[in-house]
There are 4 protein chains.
Amino acid sequence: MEKIRVTVWNEFRHEKMEDSVKSVYPDGIHKVIADFLESDGFLVRTAVLDDDHCGITDELLENTDVLIWWGHMAHHEVPDHIAAKVRDAVLKGMGMVFLHSGHHSKPFRLLMGTTCNLSWREHGDRERLWVVDPSHPIAKGIDRYVNIPHEETYAEPFDIPEPEKLVFIGWYDGGEVFRSGCCYHRGNGNIFYFQPGHETFPTYKIPEIQTIIKNAVRWAAPVYRVNELVCPNIEKLTD
Amino acid sequence: MEKIRVTVWNEFRHEKMEDSVKSVYPDGIHKVIADFLESDGFLVRTAVLDDDHCGITDELLENTDVLIWWGHMAHHEVPDHIAAKVRDAVLKGMGMVFLHSGHHSKPFRLLMGTTCNLSWREHGDRERLWVVDPSHPIAKGIDRYVNIPHEETYAEPFDIPEPEKLVFIGWYDGGEVFRSGCCYHRGNGNIFYFQPGHETFPTYKIPEIQTIIKNAVRWAAPVYRVNELVCPNIEKLTD
Amino acid sequence: MEKIRVTVWNEFRHEKMEDSVKSVYPDGIHKVIADFLESDGFLVRTAVLDDDHCGITDELLENTDVLIWWGHMAHHEVPDHIAAKVRDAVLKGMGMVFLHSGHHSKPFRLLMGTTCNLSWREHGDRERLWVVDPSHPIAKGIDRYVNIPHEETYAEPFDIPEPEKLVFIGWYDGGEVFRSGCCYHRGNGNIFYFQPGHETFPTYKIPEIQTIIKNAVRWAAPVYRVNELVCPNIEKLTD
Amino acid sequence: MEKIRVTVWNEFRHEKMEDSVKSVYPDGIHKVIADFLESDGFLVRTAVLDDDHCGITDELLENTDVLIWWGHMAHHEVPDHIAAKVRDAVLKGMGMVFLHSGHHSKPFRLLMGTTCNLSWREHGDRERLWVVDPSHPIAKGIDRYVNIPHEETYAEPFDIPEPEKLVFIGWYDGGEVFRSGCCYHRGNGNIFYFQPGHETFPTYKIPEIQTIIKNAVRWAAPVYRVNELVCPNIEKLTD
C-alpha cells in the first residue's frame, strides 16, 4: 500500500510572537504534528503562512492526500483565491482535517457554507472528550473519553451543517459542551473537524489526541480524485 | 386549525410503589404532562400500563396525533404485539415523543433498530441541557441552556442511529455528556427522543422542559397519514 | 397567523432576449410564480437582476421570509458581495428556494460549499418527477409522481452535500435520473432546491409544480431569526 | 492484512423450484456470488435456509466479517429469534449487505425499523443504475452508470430511513426510479442495501455488479466489534 501523503499547514504566528506559546511549541505546532505522523509511517510535508503563496501551491495540493490546517489570528491573511484553491482541492478529492480555531479559517467556512461561529472563553478549563461512536474509524483505539487537562472552552451552538457523523463531544468543567469531532463529505473529499488544540496548551502532545489525528488522516485519505471540476453538456444516451 | 390530539402514555408504576416518586408525582407523571399540555390548548388523553390492553387500542392510535411515552421498570410487560402496533402507528404517520428511560421501551427500540443502550448512574447530578440548534422548532423559546437541578446521569455512547437533527446535548456536573434531544423520521411519522425526566425529580414541572415538550408535540404532529402499510404490485405506467 | 412574505427573484434576461422564452413567459418567470403565490395568500414581491443593486437590498432581505431564486445565464453578474448578503440572510433565518439552473447561482454555491455541478442536455425530454417521501410537507397533495411533458435533462452526479431530506427524484425518458428536490438547513435558515423549470417550457404553469413551490415556501419560512451573526466571547457560567 | 471473511446466505428455493431460475443459477445465487468473491481473495462460506438453524449459528456470525443476504419467497421461514441474532451480530459490528428482495427480510426490517415496503412490477424492464456519488468506496471502478438488460422494477416510495449515503439510483425504461444503493451504520455495524438481482435474470454475472458487491464487502467490514450489547451502570468518574 502506498504511503499517505500528508501536509501539515500551520499559521505559525503565535509560536513566534508569544512566549507562552513558544514554550509549548518552540518549533511550531506543525512540527509536533508532523513528527508524530512521520513516526507512524505517513509521508509528511509542512507549510506555513509566511511561506511563498502562503505555503499553498498547485503542486502541493496535487501531491497531498490529506491536508491538516491550524490557523487562528491570521485567517484574513490567507487570500480568497488561495482559500478557494484549497476548497477546490477538497472537492476534487483531497482529504482535510481542520484543527481547533481552524473552524474560522476561510477554507472551512467555504466548505461548510455557514459562519462556523461558536461561543468561546479562555479559562483553562479541563475538557473531557467523549467518544460518541466507538465504531468509527477515527475513534479506533480510544477508550470512553480522553482527558485534556486544559483547553480553551468552545461552546454550542456551533454554526455548522448537521455533521454527517458526530464522533466526539467535548465536556468542559466550566459547564459547556461542544461537538468536537465532526465528519463531512464534500465533492469528492472527506473533511474532519477536530476541536482540541489551543496554542497555549500541549494538547497535541497527548498520545490519544495523536491517535485520533492519525486515524483522521487515514479516514480522510481519498478514494477517488478528479483533475477538473466540470458541469458537462452530455450527449443523448445511445446504449 | 384543528387541535392536536395528544395521548400521554405512562407506565405509572414507580409513582404507586415508591414514596420518593409518589411525593413528586402523586397522580403520576402522565397527569403533570397532560395538565400543562391541556392548558396550552392540546386535546389530551392519558393511558397507563395497567389499563386494558396496556392502554393501547386501535381506536386510541387512530385518534392520536402525537403519542408521548414514559416507561422504565416494566418495559417487558408491554407485549410484543402491542409494541408492534405502536411502531406501525408511527410508520402510518402518528408522531411520537419518547421521554427519558423510554429509550429502552419496545416501541423505541423497534423504530430505531438498535439496542438504544447507554451508560447511566444515579447520583442526582446537576444537568445543563444545551441548545445545539436554536433555530429548530423544538428549541423555540429556549435560551442557550436549561438548568436541571438534579437528574439521572445518562452518558455516551448512546446506541442510536445518527440523529437526523440533534437539538440538545446534556452536560452533567459529574463529567458526562449525552445527546439529549434527537429527531427522526420513520415511515410517515416524526419521532423525538428527549432525555430529561427521571421519576424521582420534578423535571416535568420545570417551565422550559414543558415548553420543549409542547414544541416537540407541535413538531411531531402528522403531515400525512395512511391507513395501511402496503408493498403494492403496480401496473405498467401508461401516461 | 401572519402572512408569509415571499420575494421572487428572477434574472429576467432570457424572457427579454429569446422569443422562444418570451412566448412562454411574456412577463417573466417571476410574474407567473408571484401570481400563483399571491392567489394563495402569500404576501409577494418580485425583484430582478436589472433592478438597482441587482434587486437585493438589506431592507428587502430583512422583510422577506422566503426568497425564491431563478437565474441562469447571468449568474456572474450578481456581485460577490450581494451573493454573500443573500447567504448571510439565510444563515440569519430567511428561507430560500432555488429553482432549476439556480443550482449554479452564487448564493446556492456559497451555501452548499460544493461546485453544484451536474450533467445536462437540452433535448426536450419528458420528465416524471417521483415523490420519494410522501409524508414530507413539500410533497403534500402530490400523487406518486408529476408528469412534466418537456424539461431540460439534468443528470447525476449532482455535486451537492448529501441532502438532509430527499423529497423528489426526476426520471427522464432519455435515460437519466436526478435528485430533483433536496432539503437543507444552514445556519438558521431552510433551503430547498427544486430542479424543474427550464425557461423554454411552461413548467411553472403546471398545477402540481405550483403546489410544490407553495409547499416549499411554507416549509422554508423561518422559525427563528437573528439580526447578527456573531462568535461571542462568553463569560464563565455562574448559575 | 487479514482476509475478509464473507458468508453468502441465500434462501435457495427459487433455484430449486422454478426452471426459469434454475437455468440462470443452477447451483444457486449464493454459488455465483461466492465464486466471484473467492476469486478476488475473500474468505467465503455459504449458508442456505434449508441448512440446520436456517444456516445461522453463533459460530458462523462470530466468524463472519460481512454477511450477504438474498431472500424472497420464504422470509417468514426465518424464525424471529434467528432474525434477531443476525440483527444483534450487526449491532456488535458485523457488516451486512442486503440484496434485492432482501429489502423485506426480517433482519433488514429489524435494522431499519420501517416496513421497507416499495412498489414493484415484473415486466423485465431494462435498468440503468446511476452512480450518485462517484467518490464513494462502493462506486470505485464504476463508470457513470451500469446497464442491466432486464430487472424486476422497484419503484419509490421505498419506506426506509433516509440513507446516510445514497450511492446509486436506478432508472427503469418503464418509467420508475428507485434508491438502489443505500448505506447505513447501526450499532457498530455497516449495512448496504443493493437493489439489483432478480432471480430470473443473470444480474450477478454482470462484471460491474460484481465489482459493486466486492466494494460493498470491503466497505462493510468491521472496524470495531463487541462481544456483548450492554447498558452499563457506571461509576462516578474519579479521574
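How many residue pairs are in polar contact across the interface of chain B and chain D? The rule finds 10 such pairs, both residues at pLDDT 80 or more. A polar contact here is a pair of N or O atoms within 3.5 Å; within protein, one must be able to donate a hydrogen and the other to accept it, and residues adjacent in sequence count only if both atoms are side-chain atoms. Before we go on, please keep in mind that this is a predicted model, in which local features need pLDDT of at least 70 and side-chain atom pairs count only at pLDDT 80 or more, while totals for chains, interfaces and linings use all residues. Residues are numbered from 1 along each chain as its sequence is written, chains are lettered from A and ligands numbered from 1 in the order in which they are written, and side-chain values use heavy atoms, with hydrogens and water left out.

Let's stay with chains B and D. On the side of chain B that touches chain D, helix 5 (80–92), helix 6 (106–112) and strand 5 (119–131) of chain B are the elements that give two or more residues. Helices (H or I, at least four residues) and strands (E, at least two) are DSSP runs, numbered from the N terminus. Strand 5 of chain B provides the largest share of that side, five residues. Sorted by class, the side of chain B that touches chain D has 14 nonpolar, 12 polar and eight charged residues. In this scheme Ala, Val, Leu, Ile, Met, Phe, Trp, Tyr, Cys and Pro count as nonpolar, Asp, Glu, Lys and Arg as charged, and the others, Gly among them, as polar.

The contact (heavy atoms within 4.5 Å) takes 34 residues from chain B and 34 residues from chain D. Together chain B and chain D bury about 2700 Å², 59% of it on carbon and sulfur atoms; buried area is the accessible area (1.4 Å probe) that two parts lose on being put together, summed over both. Two salt bridges cross the interface of chain B and chain D, where a salt bridge is a side-chain nitrogen of Lys or Arg within 4 Å of a carboxyl oxygen of Asp or Glu. Lys236(D) pairs with Asp125(B) in a salt bridge, their closest N and O atoms 3.5 Å apart.

How are the two copies related? A turn of 180° and a shift of 0.0 Å along the axis lay chain B on chain D with an RMSD of 0.0 Å. That is the relation of a two-fold axis. The superposition is by least squares on the C-alpha atoms of residues with pLDDT of at least 70 in both copies. Of the residues of chain B, Gly113(B) comes closest to the rotation axis, with its C-alpha at 2.5 Å. The same surface serves both copies, as 100% of the contact residues of chain B recur in chain D.

Now turn to chains C and A. Chain C is laid on chain A by a turn of 180° and a shift of 0.0 Å along the axis, with an RMSD of 0.0 Å. Gly113(C) is the residue of chain C that comes closest to this rotation axis, at 2.5 Å (C-alpha). The copies meet through the same surface, because 97% of the interface residues of chain C are also interface residues in chain A. Chain C gives 35 residues to the contact and chain A gives 35 residues, and the two chains bury about 2700 Å² between them, 59% of it on carbon and sulfur atoms.

Two salt bridges are found across the interface of chain C and chain A. In a salt bridge between these chains, the side chains of Lys236(C) and Asp125(A) meet at 3.5 Å, N to O. Nine residue pairs are in polar contact between chain C and chain A (both at pLDDT 80 or more). Helix 5 (80–92), helix 6 (106–112) and strand 5 (119–131) of chain C each supply at least two residues of the side that touches chain A.

Within a single chain there is also plenty to look at. Chain A has seven helices and nine strands, and its C-alpha trace spans about 65 × 40 × 35 Å along its principal axes. Lys85(A) and Asp58(A) join their side chains in a salt bridge (2.9 Å, N to O). This pair links distant parts of the chain, with Lys85(A) in helix 5 (residues 80–92) and Asp58(A) in helix 4 (residues 58–62) of chain A, 27 residues apart.
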